[in-house]
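Ready for a few exercises? Take a look at what is shown below, then work through the tasks one step at a time.

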Amino acid sequence: LEKRLKEFKEEGAKRENLLETQLKEEGAKLEMLEKRLKELKEEGDKRHNLLEKQLKDEGAKHEMIEKHLEEMRVKHEKLCNEAGEDEAVARQRRATVSPMQVLGRVRSFTRPM
């Protein structure tokens, strides 16, 4: 019986040592995973901040382009209006004939060839 009791104690001690070793290994794995999780979180935060900055920069660029487009639209509209006015003035000039032009035309028809 004592021999049997001694064997049980030895087996129990072996199992206890094995379980303690496994517990230490699992604890080390857990620490490693926690460390990796922290690193990934820091990387994620850095990436997030970088993307926010890029988004802000792109937003500013977009606003600048929209402003430039609006300026160009106004400039285009102004030029179109001026061109329309210039065309109207030219049409008016062509439509208005001076007395000298009329006289010149009449003479060209009445000259003997």
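Before starting, one definition: a helix here is a DSSP run of H or I that spans at least four residues, and helices are numbered from the N terminus. Keep in mind too that you're looking at a predicted model.

**Exercise 1. Get an overview of the chain.**
Task: Work out how many helices and strands the chain has, and what percentage of its residues count as buried.

Solution:
- Start with the secondary structure: the chain has two helices and zero strands.
- Next, look at burial. A residue is buried when its relative accessible area is under 20%. Out of 113 residues, 0% make that cut.
- Finish with the surface: about 11,500 Å² is accessible, and carbon and sulfur atoms account for 59% of that.

**Exercise 2. Follow a pair in helix H1.**
Task: Find which residue Glu-58 forms a salt bridge with, and say how the two are placed along the helix.

Solution:
- For a salt bridge, a side-chain nitrogen of Lys or Arg has to be within 4 Å of a carboxyl oxygen of Asp or Glu.
- Glu-58 pairs with Lys-61, and their closest N and O atoms are 3.4 Å apart.
- Now the spacing: Glu-58 and Lys-61 are three residues apart in helix H1, so about one helical turn separates them.
- As for exposure, Glu-58 is partly exposed at 45% relative accessibility, and Lys-61 is partly exposed as well, at 43%.

**Exercise 3. Try a pair with another spacing.**
Task: Say how many residues apart Asp-57 and Lys-53 lie, and in which helix.

Solution:
- First, the contact: a salt bridge joins the side chains of Asp-57 and Lys-53, with 3.2 Å from N to O.
- Then the location: both sit in helix H1, which covers residues 2-95, and they are four residues apart, about one turn of the helix.
- Last, Asp-57 has 38% relative accessibility, so this residue counts as partly exposed.

**Exercise 4. From a pair to a network.**
Task: Describe the salt bridge between Arg-73 and Glu-70, then find which residues are joined into one network.

Solution:
- The closest N and O atoms of Arg-73 and Glu-70 are 2.5 Å apart.
- These two are three residues apart in helix H1, so about one helical turn lies between Arg-73 and Glu-70.
- Arg-73 is partly exposed with a relative accessible area of 41%, and Glu-70 is partly exposed at 39%.
- Elsewhere, salt bridges with shared partners link Arg-36, Glu-39 and Glu-43 into one network.
- Across the whole structure, a search turns up eight salt bridges.

How values were computed. Residues numbered from 1 in each chain as written. Predicted model: local features only at pLDDT ≥ 70, side-chain atom pairs only at ≥ 80, totals over all residues. Heavy atoms only, no water. Buried < 20%, exposed > 50% of the residue type's maximum accessible area, 1.4 Å probe, protein only. Areas by Shrake-Rupley, 256 points an atom, 1.4 Å probe, with all protein chains shown as cover.
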